[in-house]
Amino acid sequence: MLVQRAPVGVAMVLGGRLLELVPTALVGGILIAFGSSTLVEWIWKSRHRFARFEVEIVIAIVVAVALFGFVAGTVFGIGLAVALFVLRYSRVSVIRHELSGSVITSNVDRTPSEQRRLESRSAEVLVLELRGYLFFGTATAVAEAVARRSTPPRALRSVVFDFSKVTGVDSSTVVAFETIGRLTARAGATLYVAGALPTIEALLLRPIARRGDVVVVSADDIDRALEQCEDHMLHEGRAQARRPPQQVTTYDVLTPVLNDADAVDSVLAHLERRTVDAGEVLVEQGAVSSGLFFLESGRLTARRRVDPVSDRRLRTMLPGTVVGEIGLYLDQPATATVQADEDSVVLWLSPVAFAHLMECEPRVAASLHLYVARILADRVNHTERVTRRLRE
């Protein structure tokens, strides 16, 4: 190395005139030695530190430089590296999860009849959770997934996209989503888009919406998008998918469970009717259990505080559902705040009344225990089914 660097040092100190005295063969030999050592270092000694295709790129660049010159070889190497990167990255699926309506649902508790209706149409819903960067090499897989589900005789009525983990898109992705627009228009399906950045909506979704034959619905997150999708399926054909005011009496809810009118009357005798104004807190996170609530009319939402300024929706309850069962059984502080979204009516079973029911009428209390256990079991079963499907 000292011999290689000596001419450079002499030229810097004494000037290039002295280099004229150096034999050309010696300069050529130095260049050959330096180039050979570089080739040995990058091709032979580094072959175990690089992937095979990276070593092959280096060899291809050396050959291109030898045949066409340094500039052309460098341009060739850059183009080859970019092409191989695009090819390899396009093999990474941008579809994180491909699910149906039977696997993933919104955090909205619905009546048993509504749940049965949604389950019967679960195959009509396609949920695609996307991730990474979308470009022409990866967006094609998204269009292919929609095409597979929209092929007759399958009925596809709703396509839900989760863009919350998408980092960006390029203009070439428009072609794939135009294909998706044509497929959904042919199937008469609705597009639900969750968590998309404004730039993504402007580039990909607005052109589809301007077609006029495809309905595109935006939502803040996947939970809200699924809720709108379910509301639309339950009330399809109406001017608005928003559910009308509804009331489900607790008597109607308990009768199929207890199978005894006297037992239902015994439970109702221990319940206290309460009117909850919109915005009023029914259960406070961190407070001790306040009992069991049967929602007859209105709408309640359970939220958990994530930090002092934000919270996350855990579940929204509609008429015919039950609130507060976990805190009542575990005798622990509430893990979430339950607040009325609108004026609501609930029937309250206080812990004192519950204890009195178990003491005075244990058979009726046992039936009520069984009812609550079934609710908890259904939720655990749903969570386990979703978890298993996501792992697969």
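## A patch on the surface

Which residues form a nonpolar patch on the surface? In this predicted model, the patch is made up of Ile59, Val63, Leu67 and Phe68. Together they offer about 420 Å² of accessible area.

Take Leu67 as an example. This residue sits in helix α3, which spans residues 52-68. Its relative accessible area is 60%, and the cut-off for "exposed" is over 50%, so Leu67 counts as exposed.

## The largest core

Now for the inside. The largest nonpolar core has 30 residues, and the ones with the most contacts inside it are Leu128, Leu130, Val146, Phe161 and Phe163. Several elements chip in with at least two residues each: the strands β3 (125-134), β4 (158-169) and β5 (190-194), along with the helices α6 (136-149), α7 (173-187) and α8 (198-209). Another core lies apart from this one; it has 22 residues, among them Leu258, Val267, Leu328 and Leu368.

Phe163 is a good place to look around. Setting aside neighbours within four places in sequence, Phe163 is in contact with Leu130, Leu134, Phe177 and Val193, and also with Ala194, Gly195, Ala196, Ile200 and Leu204.

## Thr173 and Asp221

Two other residues share some of these partners. Thr173 belongs to helix α7. With 0% relative accessibility, Thr173 is buried. Leaving out residues up to four places away in sequence, Thr173 touches Leu134, Phe135, Ala139 and Leu204. Leu134 and Leu204 also turn up among the contacts of Phe163.

Asp221 is found in the loop that runs between β6 (215-219) and α9 (222-234). Is Asp221 buried or partly exposed? Asp221 is partly exposed, at 34% relative accessible area. Not counting residues up to four places away in sequence, Asp221 touches Ala194 and Gly195, and Phe163 has both of those on its own contact list. Along the chain, Asp221 and Phe163 are 58 residues apart, while their C-alpha atoms are separated by 8.7 Å.

## A helix with two sides

Last stop: helix α13, residues 351-360. Here Ala353, Phe354 and Leu357 are buried. Why do these buried residues line one face of the helix? Looking down the axis of α13, they fall within an arc of 100°, and so they end up along one face.

What does the face turned away from the buried side carry? There you'll find Val352 and Glu359, both exposed.

Methods:
Residues numbered from 1 in each chain as written. Predicted model: local features only at pLDDT ≥ 70, side-chain atom pairs only at ≥ 80, totals over all residues. Heavy atoms only, no water. Core = buried A, V, L, I, M, F, W, Y, C linked by side-chain atoms within 4.5 Å. Buried < 20%, exposed > 50% of the residue type's maximum accessible area, 1.4 Å probe, protein only. Helix = DSSP H or I, 4+ residues; strand = E, 2+ residues; numbered from the N terminus. Contact = heavy atoms within 4.5 Å. Arc of directions from axis to C-beta. Patch = residues over 30% accessible without salt bridge, like charges linked within 9 Å, V, L, I, M, F, W, Y side chains within 5 Å. Areas by Shrake-Rupley, 256 points an atom, 1.4 Å probe, with all protein chains shown as cover. Salt bridge = Lys/Arg side-chain N within 4 Å of Asp/Glu carboxyl O.
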